[in-house]
Amino acid sequence: MQTDTQQVVRVNSDNVLTSYYCGVGFEWDPSDDHDYTEEQWQTIFQRVAYSRVPIIRLMLRAASYVTGWDEAGNPIYDWESAHMHRVYRILDFCEEHRIDVIIGEWSRSPEIGITVSDNPVWAELIGGFLAYMLDVRRYTVLRYYNFINEPNGYWATEDGDRFAIWSRGLRNLEGIMRKRQLWGRIELLGPDSSNQDEWVDWSVHEHGPILSAYDVHRYVMDEDIRSGEMERQIRVKRSYIDEHDPEGASKPYLMTEAGIVEGKDELHDQQPRVKTFKYGVLMADFTIQSILGGQAGMIAWMLDDSMHRAPGYTRGSGELKTWGFWNTIGPVEEQALRPWYYPMSLLSRYMPRGCRTVRVDLGNRPLVRGAAAFADNGVTVAIVNEGSESMQLTLVMSGVHEIGTLAEYVYADPLRPADRDGFPVPARIHSDVNLDAGIKVTIPACSFVLLTSMSIAEEWMQ
């Protein structure tokens with residue numbers, strides 16, 4: 001398509017959206033069924049390492065670490081179960097690389113007798129779990145505890161007033177954490193509702209004093225992203241938290257599951273579009289809108305198909321939830337990195353934990369959005385163009401000195417340079433950059449472009 005005329009784009013580093021960004025991460029759960037070989041673990045670790053992911057979310061069930069009850073009615077903990085060993089492999093890696101972890105439970109565990117979500121016994125079990133993880137395993141990266149995944153859903157809690165049920169269970173957990181001197185060692189996050197953001201409002205008023213961060217899940221249609229609607233919806237809730245929670249401005253607001261449902265196989269919870277180039281452009285746009293709306297982080301659903309069995313299939317069937325960046329246990333072609341890993345790994349790598357996020361003002365262009373990150377080791381600018389025309393711009397950023405070189409990564413079709421492992425490499429390197437004067441950049445149609453001066457020491461990957 002025809003290229004637009006040159007446009008000057010100015011980035012004001014003082015116009016801060018979030019003063020402490022938690023990062024772009026992903027759901028990294030232990031596999032439901034599969035014990036990976038050591039070679040498979042190392043491939044997973046290598047791919048996670050490239051992304052320099054600053055935060056992940058990991059969920060499990062009490063039945064993973066409790067097998068039942070003894071004659072006195074005390075829980076029988078099994079810290080050596082196969083599932084828990086998978087948890088430890090993930091958390092050991094996170095501990096080694098200082099990756100923050102959101103940890104929690106999917107829902108009650110009826111197989112061990114926990115049939116209602118506000119059963120105080122469940123809170124007791126969670127207290128035992130947290131004490132073991134903090135005091136015996138000595139994990140220091142467990143930042144937030146997530147009590148019940150998507151408690152607004154029929155799949156997670158019982159029929160009735162689901163917010164009231166979740167609230168009672170959350171208060172039970174607060175009491176146990178205080179009783180066991182766990183309070184303050186790991187913080188509570190909520191409400192974790194899916195596509196029902198009014199739960200944020202209710203949580204602010206009902207649980208503001210005990211929640212250290214707010215979070216939601218959003219699974220959306222393409223037009224929700226292309227229209228910019230996600231940024232608007234996110235900003236509304238960010239503003240509500242700031243206005244109605246006296247400590248709200250200091251609390252992160254996170255998107256702890258994010259995905260696109262258009263084209264999804266509802267019956268088996270599979271999204272074949274993760275294998276397409278376009279899914280990567282849309283998810284990059286989704287992430288940028290999360291930043292522009294004032295969220296402090298996003299968790300993409302999900303890392304690896306092999307983590308979860310598809311609903312409606314038996315164990316060992318090989319039928320998986322197709323949502324990942326790859327499938328570790330699939331045929332060779334499925335083990336390869338999928339296109340959307342490219343932009344999401346770059347956003348994870350170069351929007352680091354602790355950076356300040358800033359809007360990139362691209363004028364009246366409804367399908368073009370951008371955000372910037374400022375950190376001690378440099379600056380990153382990320383721009384997505386969902387339009388059908390390429391655009392040329394001069395990027396100007398005042399007050400950024402001694403930037404030296406600027407690496408430019410391009411995710412376009414077919415241009416997306418990668419090394420032999422499939423990891424992104426720069427399309428070009430800009431030398432002797434003077435952002436006060438501006439740098440000329442082309443943003444192709446239907447593409448994502450990231451420019452960064454951040455230097456990343458590769459020893460992290462060893």
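The legends below accompany several close-up views of one protein chain, shown as a predicted model.

**Figure 1. The whole protein chain, with its 10 helices and 20 strands.** In this predicted model, the radius of gyration of the protein chain is 22 Å, which is close to the 23 Å that the globule rule gives for 462 residues, so the chain is as compact as a globular protein of that length. Taken along the principal axes, the box that the C-alpha atoms fill is roughly 75 × 50 × 40 Å. Of the 462 residues in the protein chain, 60% are buried, a word that here stands for a relative accessible area under 20%. Among the contacts in the chain with a separation of 6 or more, 74% are made by residues that lie 24 or more positions apart.

**Figure 2. Helix H1 and helix H2 where they meet.** In general, two packed helices are described by the angle between their axes and the distance between the axes. Here the axes of helix H1, which covers residues 38-51, and helix H2, which covers residues 82-97, come within 12 Å and cross at roughly 35°, and the crossing in which H1 passes H2 is right-handed. On the side of H1, the residues taking part are Glu-38, Trp-41, Gln-42, Phe-45, Val-48 and Ala-49, and they meet Arg-86, Arg-89, Ile-90 and Phe-93 in H2. Sorted by class, this contact of H1 with H2 has 6 nonpolar, 1 polar and 3 charged residues.

**Figure 3. An open sheet of 3 strands in the order E1-E16-E19.** The pairing in this sheet is mixed. Strand E1 (7-11) and strand E19 (439-443) stand at the edges, where each has a single partner strand, so one side of each is left without a neighbour in the sheet. On average, and with direction ignored, neighbouring strands of this sheet are turned by 35° against each other. Strand E16, which covers residues 391-397, runs antiparallel to E19, and 5 bridges join the two strands. A reader who wishes to find this pairing in the view can look for Leu-395, which stands opposite Ile-439 in E19.

**Figure 4. Strand E3 and the strands that it pairs with, E12 and E4.** Strand E3, which covers residues 23-27, is mostly covered, since 5 of its 5 residues are buried. With strand E12 (residues 297-300), E3 runs parallel and is joined by 4 bridges, and in this pairing the bridge partner of Gly-23 is Gly-297 in E12. With strand E4 (residues 55-60), E3 also pairs in the parallel sense, here over 2 bridges, and the bridge partner of Phe-26 is Ile-56 in E4.

**Figure 5. Strand E11 and the strands that it pairs with, E10 and E12.** In strand E11, which covers residues 253-260, 8 of the 8 residues are buried, so the strand is largely enclosed by the rest of the structure. Strand E10 (residues 211-220) runs parallel to E11 and is joined to it by 7 bridges, and Arg-218 has Ala-258 in E11 as its bridge partner. E11 also pairs with E12 in the parallel sense, over 3 bridges, and in this pairing Met-255 stands opposite Met-298 in E12. Strand E12 therefore links this view to the previous one, as E12 is joined to E3 and also pairs with E11.

Conventions
Residues numbered from 1 in each chain as written. Predicted model: local features only at pLDDT ≥ 70, side-chain atom pairs only at ≥ 80, totals over all residues. Heavy atoms only, no water. Axes fitted to C-alpha atoms, helices over the stretch in contact; angles between N-to-C directions. Left-handed = near helix turned anticlockwise from the far one by under 90°. Contact = heavy atoms within 4.5 Å. Nonpolar A, V, L, I, M, F, W, Y, C, P; charged D, E, K, R; others polar. Pairing = 2+ DSSP bridges. Rg over C-alpha atoms; globule rule 2.2 N^0.38 Å. Buried < 20%, exposed > 50% of the residue type's maximum accessible area, 1.4 Å probe, protein only.
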